[in-house]
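The exercises below ask you to read a fold step by step, from single residues to whole sheets. Try each task on the structure before you turn to its solution.

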Amino acid sequence: PEDLNIACGDPIPPFTPEVSDACDEAVDVAFSESISSTGCGQLVIHTWTAMDACGNTASVSRTITQIDDAGPQPVSPLNDAEVSCDGALTPATPEFADACSAVVDVQVEVALPSEECGATGLYIWTALDACGNSTVIVQNVTVVDTDAPVFAEAPTSFELMCGDALP
């Protein structure tokens, strides 16, 4: 069988070897798989061993190299966000996962021109995996104000008699 190079996370195409024997019509075929890490991917070796009724064997192998060439992906969809104008302007960091390696860093760039009520902007999330692959996800953000105004000093009540001057 032909050796393959595929991206991590892609399914390995199936392969079934054809086996024949001059004296035995019912040849037994055993399959084995070994998987080892290559740092930025995996090496998968499939081996098929055929044995006839007399104990004669023959083997064939296929090497599949899974290469980590894609950046991490968000675990769940990144919805638009609302942030309070009087609170933290950065929402919770989204979770990312990678098919072959660990996610080593998630950074955010805030592109919010104003912190006033109704202002809109972007959070630009960048996730980097251990193999140097990155993914950039953009999240829309709107500044909202859900608090009513507060008087710094409320007027005090007082009583006036008819004819008294207003203070």
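**Exercise 1: Two residues and their distant partners**

Serine 84 counts as partly exposed because its relative accessibility is 24%, where buried means under 20% relative accessible area, exposed over 50% and partly exposed in between, with a 1.4 Å probe and protein chains only. The model is a predicted one, in which local features need pLDDT of at least 70 and side-chain atom pairs count only at pLDDT 80 or more, whereas totals for chains, interfaces and linings use all residues. Residues are numbered from 1 along each chain as its sequence is written, and side-chain values use heavy atoms, with hydrogens and water left out.

Task: state where serine 84 lies, and where aspartate 86 lies.

Solution. Serine 84 belongs to strand 6; strands (E, at least two residues) and helices (H or I, at least four) are DSSP runs, numbered from the N terminus. Going 31 residues along the chain from serine 84 leads to alanine 53, and the C-alpha atoms of these two are separated by 77 Å. Aspartate 86 sits in the loop between strand 6 and strand 7 (96–97), and it counts as exposed because its relative accessibility is 55%. Aspartate 86 and aspartate 145 are 59 residues apart in sequence, while their C-alpha atoms are 7.7 Å apart in space.

**Exercise 2: The chain as a whole**

Task: describe the secondary structure of the chain and set its radius of gyration beside that of a compact globule.

Solution. The chain has ten strands and zero helices, and along the sequence this reads as β-β-β-β-β-β-β-β-β-β. The radius of gyration is 33 Å, whereas a compact globule of 167 residues would have one near 15 Å; the quantity is taken over C-alpha atoms, and the globule rule is 2.2 Å times the number of residues to the power 0.38. Along the principal axes, the C-alpha atoms fill a box of roughly 130 × 30 × 20 Å. Of the 167 residues, 24% count as buried.

**Exercise 3: The sheet that contains strand 1**

Task: find the strand order of this open sheet and say why strand 1 and strand 2 each have one side without a neighbour.

Solution. Four strands make up this open sheet, in the order 1-4-3-2 and with mixed pairing; two strands pair if DSSP finds at least two bridges between them. Strand 1 (4–7) and strand 2 are at the edges with a single partner strand each, so one side of each lacks a neighbour in the sheet. On average, neighbouring strands here are turned by 20 degrees against each other, direction ignored, where the axes are lines fitted to C-alpha atoms (for helices over the stretch in contact) and angles run from 0 to 180 degrees between N-to-C directions.

Next, take the pairs. Strand 2 (residues 28–37) and strand 3 (residues 41–51) are antiparallel over ten bridges, with aspartate 28 opposite methionine 51 and phenylalanine 31 opposite tryptophan 48. Their hairpin has three residues between the strands, and glycine 39 in the turn has a positive phi of about 90 degrees. Strand 3 and strand 4 (residues 57–67) are likewise antiparallel, over eleven bridges, and glutamine 42 faces glutamine 66 in strand 4. Five residues lie between the strands of this second hairpin, where glycine 55 takes a positive phi near 90 degrees.

**Exercise 4: The sheet that contains strand 9**

Task: find the order of the four strands, then list the residues on the covered face of strand 9.

Solution. The order in this open sheet is 6-10-9-8, and the pairing is mixed. Strand 6 (81–84) and strand 8 (103–111) are at the edges with a single partner strand each, so one side of each is left without a neighbour in the sheet. Neighbouring strands are turned by 30 degrees against each other on average, direction ignored.

Strand 9 (residues 120–129) pairs with strand 8 in the antiparallel sense over eight bridges, and glutamine 107 stands opposite threonine 126. Strand 9 also pairs with strand 10 in the antiparallel sense, over nine bridges. Leucine 122 of strand 9 is the bridge partner of alanine 111 and also stands opposite asparagine 140 in strand 10. The covered face of strand 9 holds Gly121, Tyr123, Trp125, Ala127 and Asp129, and the uncovered face holds Thr120, Leu122, Ile124, Thr126 and Leu128. In the hairpin of strand 9 and strand 10, with four residues between the strands, glycine 132 has a positive phi near 90 degrees.
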